[in-house]
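Colleague: I am new to this structure and would like a close look at a single part of it. Could you pick a pair of helices and walk me through how they sit together?

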Amino acid sequence: MAPQSSQLDSETLAWIALASAQRVSPKLWLQALKKYQLSTVDLGSNASTLPNEVKQLTNNISPPLIDAAINWLQASDNRHIVPLSSPHYPELLKQLDSPPLALFATGNKALFQKPQIAIVGSRRASLQGKRTATDIAYGLSSSGVIVTSGLAMGIDSAAHQGALSGSTGTIAVMGTGPEKVYPAKNSKLYEAINNDGGVTVTEFFPGQGPKPWHFPRRNRIIAALSLGTLVVEAKIKSGTLITANLAADMGREVFAVPGNIANAYAEGCHWLIQQGAKLVTNISDILDEVGVQPEQLGLNVDEQNEKSTANSLATDKLLASVDYDITAIDVIAQRNAISVSQAMASLLEYELRGLVAAVPGGYVKLRGK
């Protein structure tokens, strides 16, 4: 049924073969295996004695896709094919009605077994939204929780970058084959994830590019992998809210970061909160809800408290005069009874410390600082 490979056992090869049948859903394969009391290996070794129903399914198996999978795997020791039967296969993903039969992963596959929180949101996120995603992802990663997202621009990228700055790593779920980076602008981020303790993963075979129907399938994996999904900036009609709804349908927690009511990209978060999603202002709101605490994950709690204390010292009048929305420099100067030039000179120090950011029209305070 498949070419032999020194790196793959017969069972893994069999799962790859079943997954290569693109017109047959995983659910249909699993139902057939159960109905006729077959193993995946039986489909290849006893082809002539298979029930007609199963023979028809095997006609959809694609040898070119199997070859592509094996060639991709053999090109690097950092690449892995994780079949449904593998101990490395994510347990939460098995709860899907039609789970992927094989995953193509690059990087640290051990992350699949660790607690995860998904962070998703708009591709056209604001500077503040991206900073919020980065800060929360960094906090979760520093607390021993894996951050999972979809390798898209905007909130996804910010979440991955924040998690990489922490200590635990990140999982990027792709809507393409494992070597096809989409969008191409995220190629450096893709490499950083693969080489710095994270992992990229997909159910799509090597060589398969982005297709519109791939991304809802990617989103279901993001939601299924995670204990909960956090939304940071999204419109009501968006793929982000589809991911959040999938998470809710699976019985997982849904979280949302509130925003400015005038911001169209905050309306999705506000709608989720109205529907019962938990409003989030810091990582404790998430950790408390999913029942995970830093000490359970081996984190040095005293060290984290020291960092929090250091950040809380920056609460003087000048910093307090900068809003989380864009604040004009003359407004900041007026609030502090100083000249514009004095205000700009003082704010430069806060920029260097990562407490504020200069943006068109003024400055914004960076959340979590």
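Modeller: Happy to! One cut-off helps first: angles under 35 degrees between two axes count as roughly parallel. Please keep in mind that this is a predicted model. The chain has 16 helices and eleven strands, and the pair to look at is helix 10, residues 239–249, with helix 11, residues 267–274. Their axes come within 10 Å and cross at roughly 20°, so helix 10 and helix 11 are roughly parallel to each other. The crossing of helix 10 past helix 11 is right-handed.

Now look at the residues where the two helices meet. Helix 10 brings Leu 241, Ala 244 and Asn 245, while helix 11 brings Gly 268, Trp 271 and Leu 272. Sorted by class, this contact has four nonpolar residues, two polar ones and no charged ones.

Leu 272 also leads us further into the chain. The largest nonpolar core has 59 residues, and Leu 272 is among those that touch the most other members, along with Leu 18, Trp 29, Ile 81, Leu 93 and Ile 171. Take Ile 81 as an example: beyond its neighbours within four places in sequence, Ile 81 is in contact with residues including Thr 12, Ala 69, Trp 72 and Phe 104. Apart from this core lies another one, of 22 residues, with Ala 125, Ala 158, Val 280 and Ile 286 among them.

To step back to the whole chain, buried residues make up 50% of its 369 residues.

Note on methods. Residues numbered from 1 in each chain as written. Predicted model: local features only at pLDDT ≥ 70, side-chain atom pairs only at ≥ 80, totals over all residues. Heavy atoms only, no water. Axes fitted to C-alpha atoms, helices over the stretch in contact; angles between N-to-C directions. Helix = DSSP H or I, 4+ residues; strand = E, 2+ residues; numbered from the N terminus. Parallel < 35°, antiparallel > 145°, perpendicular 65-115°, else oblique. Left-handed = near helix turned anticlockwise from the far one by under 90°. Contact = heavy atoms within 4.5 Å. Nonpolar A, V, L, I, M, F, W, Y, C, P; charged D, E, K, R; others polar. Core = buried A, V, L, I, M, F, W, Y, C linked by side-chain atoms within 4.5 Å. Buried < 20%, exposed > 50% of the residue type's maximum accessible area, 1.4 Å probe, protein only.
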